[in-house]
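Hello,

Here is the structure I said I would pass on. My notes on it follow below the display.

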Amino acid sequence: MLVCSGEFALATAEVRRNAGDRDAAVAQLLVLDVAGVSFADSSFLSLLVQLRNARSLL
């Protein structure tokens, strides 16, 4: 499970991408908890799409 909270904008996109790649690398099923996200721009949406495309659908 990857828990996301706070604000997500282009300025922190690379840090998030690296964390997502590292933490989710071996997971076949990735659960994202975004309930704590107060702001997200298109870079966050792009990260979600990249994480989804990195694994097959169950």
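**Notes on the model**

E7 is exposed, at a relative accessible area of 59%. This is a predicted model, so that value, like the others in this message, is computed from predicted coordinates.

**E7 and its surroundings**

E7 belongs to strand β1, which covers residues 2–8. Leaving aside residues up to four places away in sequence, E7 touches S38 and F39. The C-alpha atoms of E7 and F39 are separated by 4.6 Å, although their positions lie 32 residues apart along the chain when counted as sequence separation. E7 therefore combines contacts to S38 and F39 with a relative accessible area over the 50% that marks an exposed residue.

**The chain as a whole**

The secondary structure consists of two helices and two strands. Read from the N terminus, the order of elements is β-α-β-α. The protein chain has 58 residues, and 22% of them are buried. Of the contacts between residues at least 6 apart in sequence, 82% join residues at least 24 apart. The chain exposes about 4100 Å², and carbon and sulfur atoms supply 61% of that area.

**Helix α2**

Helix α2 spans residues 42–53, which is 12 residues. From its first C-alpha to its last it reaches 16 Å, close to the 16 Å expected at 1.5 Å a residue. Its buried residues are S43, F44, L47 and L51. These four are on the same side of α2, because they cover an arc of only 100° around the axis. The general background is that an α-helix has 3.6 residues a turn, so residues three or four places apart point the same way. On the face of α2 turned away from the buried side are the exposed residues S42, L45 and N53. One leucine of the helix, L45, is thus listed on the exposed face, whereas L47 and L51 are listed as buried.

**A nonpolar patch on the surface**

M1, V3, L29 and V31 make a nonpolar surface patch of about 440 Å². One of these residues, M1, sits in the segment before β1. M1 is exposed, with a relative accessible area of 72%. V3, another member of the patch, falls within the residue range of β1.

For a look at the model, I would start with these places: E7 with S38 and F39, the two faces of α2, and the patch that includes M1.

Regards

Definitions and conventions. Residues are numbered from 1 along each chain as its sequence is written. This is a predicted model: local features need pLDDT of at least 70, side-chain atom pairs count only at pLDDT 80 or more; totals for chains, interfaces and linings use all residues. Side-chain values use heavy atoms; hydrogens and water are left out. The expected span of a helix is 1.5 Å times one less than its number of residues. Buried means under 20% relative accessible area, exposed over 50%, partly exposed in between (1.4 Å probe, protein chains only). The arc is that of the directions from the helix axis to the C-beta atoms. Contact means heavy atoms within 4.5 Å. Patches are made of residues with over 30% relative accessible area and no salt bridge: like charges are joined within 9 Å, nonpolar side chains (Val, Leu, Ile, Met, Phe, Trp, Tyr) within 5 Å. Accessible areas come from the Shrake-Rupley method with a 1.4 Å probe; for residues, only the protein chains shown count as cover. A salt bridge is a side-chain nitrogen of Lys or Arg within 4 Å of a carboxyl oxygen of Asp or Glu.
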